[in-house]
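Work through these exercises with the model open. Each task is followed by its solution.

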Amino acid sequence: MTAILQDRLDEPLLFPGLSWEQFKTLEPLLDIPGVRLSFLDGVLEIQKMPGRKHETAKERIGALLEAYLLKTGVDYTPTGSLTLENESGLVKCEADKSYELGANRKRPDLAIEVVVTSGGIDKLEAYKRLKIPEVWFWEKSQLSLYALRESGYEQIVSSQLFPELDINLLVRCVNMANHVEAIREFNSAIAPDS
């Protein structure tokens with residue numbers, strides 16, 4: 001069964017019409033290496049774990065953001081692909097990267113998604129129900145930022161969590177071919193003025 005699922009998951013598989021209880025019953029049965037489960041409003045999403053392109057972008061974004069956080073002295077905790085769920089919101093998902101800012105946080109302040117396939121559950125709706133203040137999507141070599149408002153997410157051009165972060169610099173460095181050169185260029189550009 002594992003091989004069959006993994007071979008058919010270039011795009012997410014969606015199974016609608018499940019209750020939260022049914023999802024929670026199926027979840028341990030579908031705990032298969034290389035497969036990620038998400039749930040929103042009765043829809044189970046089964047997604048193959050991402051490949052090299054996804055992982056490279058995810059790790060590059062994380063390395064650059066963490067360089068910025070260290071340089072600026074922001075207190076943070078990287079929470080990786082922490083699984084987040086809310087039974088009353090009928091939602092379970094996990095970001096590709098996530099960060100808590102400050103101490104004793106109940107949930108991440110930032111979720112980062114790297115998108116290489118289409119389809120699946122509405123991630124912004126999922127994060128809205130989980131009350132994640134800011135969500136970034138990396139897709140087609142571009143970064144889209146969203147801030148949570150009372151009515152839902154609003155697309156923004158600069159981070160509200162990190163207003164001084166140069167998003168154009170970040171995007172340029174994520175798109176560089178060489179990881180070490182990207183980190184060096186980013187660090188050089190965010191160095192304090194002499």
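**Exercise 1: a glutamate in a helix**

Glu27 is part of helix α2, residues 20-29. This is a predicted model: local features need pLDDT of at least 70, side-chain atom pairs count only at pLDDT 80 or more, and totals for chains, interfaces and linings use all residues. Residues are numbered from 1 along each chain as its sequence is written, and side-chain values use heavy atoms, with hydrogens and water left out.

Task: decide whether Glu27 counts as buried or exposed, and find its side-chain partner.

Solution:
1. Buried means under 20% relative accessible area, exposed over 50%, partly exposed in between (1.4 Å probe, protein chains only).
2. Glu27 has 15% relative accessibility, so Glu27 counts as buried.
3. The side chains of Glu27 and Lys24 are joined by a polar contact of 2.6 Å.
4. Set aside neighbours within four places in sequence: Glu27 is then in contact with Leu37 and Lys92. Contact means heavy atoms within 4.5 Å.

**Exercise 2: the two sides of α6**

Task: which residues of α6 are buried, and why do they share a side?

Solution:
1. Helix α6 spans residues 179-190, twelve residues in total.
2. Its buried residues are Ala182, Ile183, Phe186 and Ile190.
3. These residues cover an arc of only 95° around the axis, so they sit on the same side of α6. The arc is that of the directions from the helix axis to the C-beta atoms.
4. Arg184 and Ser188 are exposed on the other side of α6.
5. The cover over the buried residues of α6 includes α3 (52-72) and α5 (167-174).

Technical notes. Helices (H or I, at least four residues) and strands (E, at least two) are DSSP runs, numbered from the N terminus. The expected span of a helix is 1.5 Å times one less than its number of residues. A polar contact is a pair of N or O atoms within 3.5 Å; within protein, one must be able to donate a hydrogen and the other to accept it, and residues adjacent in sequence count only if both atoms are side-chain atoms.
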